[in-house]
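User: I am new to reading protein models. Could you walk me through this one, feature by feature?

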Amino acid sequence: RLEAAQKDIDTERQTYESARQGLNEMYGAVQKQLETEIKMREEIEREVEVQRSLKAESETAMQLMETTVHEKQDTITSLRRQLDDVKQANLAMHTRLQTSEETAKAKSSQLDMLTISHGQLSSENEQLQAKVSALEQRSSAAEDTLQQLSARFADVEAKKATADADLVIERQWRSSIQTELQQERTRLQEASAELEQLRVIKQEYTDLHRKYADLQELCTGQEQTLVELGSRLQLSKQEAEDMRERSDQLKQSAWTDDKHATTCRQCGSAFSMSRRKHHCRQCGNIYCNTCSDNQMVLAASSKAVRVCDGCYTLLLQPSGQK
């Protein structure tokens, strides 16, 4: 039985050592995984910071672009207003030119009529010539002004075409920036999801670390229990050896025959019909019922048998000293 108990204890110790080695390997793997996850988290945080800075720059660029677009729209509006003013001035000059032509025609007819009376109306002819000269000067000035207005109108049209082209480019740039901003938002959402996964992994690692601490505490308690069992087993072996020695000493005594025993070996009372003989299964001597009223499991028996008071005290002595 002691050898079976020792084998069971050795088996439990080997199982405990293998379980402890497996836990140490698991703890090392979890520690490495945690370090990898921490590095990944730092990289993701740096990437999130970069994405935030890019987002701020994109928003600043959008604000500048909107300001530029508004300024160009205001410029186009002012240019359109100037173009309308030029058109109105051109129409006014054209109207005045037609009026001047009609007046010149009327003056020419009057001049034809006045040539008949040239002598009488010579002074009026000179005045009409002076007026015609003035009208011609005004007509040439109007033509120069019309040419200048046409040149300005052409410049305005060119500026308008350039502004429209710039506006198209700005709209395309704004569309591309919005697309990039949407992509950056998508990446930011993915980074947030990965960060949430890292938090879940961290919580799982915390739970595993807590379980490892509990297992380590349990292992420490089991080690202490094994140490106590080892000390108790050593004491049990010592007691078993003492009991074998005493049992061997007691077995050396011979089994007493009933015919030779007439009195109790301990109290000396004579045997009779009322005081019967009883053998001690340890020393083999014959005693009365009072001196052998003890039951004990011996090394040679599987159940409790009768022993005398002396053997009973002798067998119990190691346990009492313990």
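Analyst: Let us start with salt bridges. A salt bridge is a side-chain nitrogen of Lys or Arg within 4 Å of a carboxyl oxygen of Asp or Glu. Keep in mind that this is a predicted model.

User: What is the N to O distance between arginine 52 and glutamate 49?

Analyst: The distance is 3.5 Å, so under the 4 Å cut-off the two side chains form a salt bridge. Both residues sit in helix α1, three residues apart, about one turn of the helix. Glutamate 49 is partly exposed, at 48% relative accessible area.

User: Where do arginine 210 and aspartate 207 lie?

Analyst: Both are in helix α2, again three residues apart. Their salt bridge spans 3.0 Å, N to O. Arginine 210 is partly exposed at 45%, and aspartate 207 is partly exposed at 28%.

User: Which parts of the chain does the pair glutamate 66 and arginine 174 link?

Analyst: This pair links distant parts. Glutamate 66 belongs to helix α1 (residues 2-116). Arginine 174 belongs to helix α2 (residues 122-251), 108 residues apart from its partner. The side chains meet at 3.4 Å, N to O. Relative accessibility is 30% for glutamate 66 and 33% for arginine 174. The full count is six salt bridges.

User: Next, cysteines. How many disulfides does a search of the whole structure find?

Analyst: Zero. Take cysteine 280: the nearest cysteine sulfur, that of cysteine 283, is 3.6 Å away. A disulfide needs sulfur atoms within 2.5 Å, so this pair does not count. Cysteine 308 is in no disulfide either, with the sulfur of cysteine 311 at 3.4 Å.

User: Is cysteine 280 buried or exposed?

Analyst: Cysteine 280 is buried, at 0% relative accessible area. Cysteine 308 is buried too, at 2%. Being buried lets a nonpolar residue such as these count towards a core.

User: Which residues have the most contacts inside the largest nonpolar core?

Analyst: They are Cys264, Phe271, Cys280, Cys283, Tyr287, Leu298 and Cys308, in a core of 16 residues. β2, β4 and α3 each supply at least two residues of this core. Another core, of five residues, lies apart from it and includes Met62 and Leu167.

User: Last, confidence. Which elements have the lowest and highest mean pLDDT?

Analyst: Helix α3 (residues 309-321) has the lowest, 74, and strand β2 (residues 286-287) the highest, 92. The chain mean is 79, and 86% of residues reach 70 or more. Where pLDDT is low, do not read the predicted coordinates in detail.

Notes: Residues are numbered from 1 along each chain as its sequence is written. This is a predicted model: local features need pLDDT of at least 70, side-chain atom pairs count only at pLDDT 80 or more; totals for chains, interfaces and linings use all residues. Side-chain values use heavy atoms; hydrogens and water are left out. Helices (H or I, at least four residues) and strands (E, at least two) are DSSP runs, numbered from the N terminus. Buried means under 20% relative accessible area, exposed over 50%, partly exposed in between (1.4 Å probe, protein chains only). pLDDT is the predictor's confidence in each residue, from 0 to 100. A nonpolar core is a set of buried Ala, Val, Leu, Ile, Met, Phe, Trp, Tyr and Cys residues joined through side-chain atoms within 4.5 Å.
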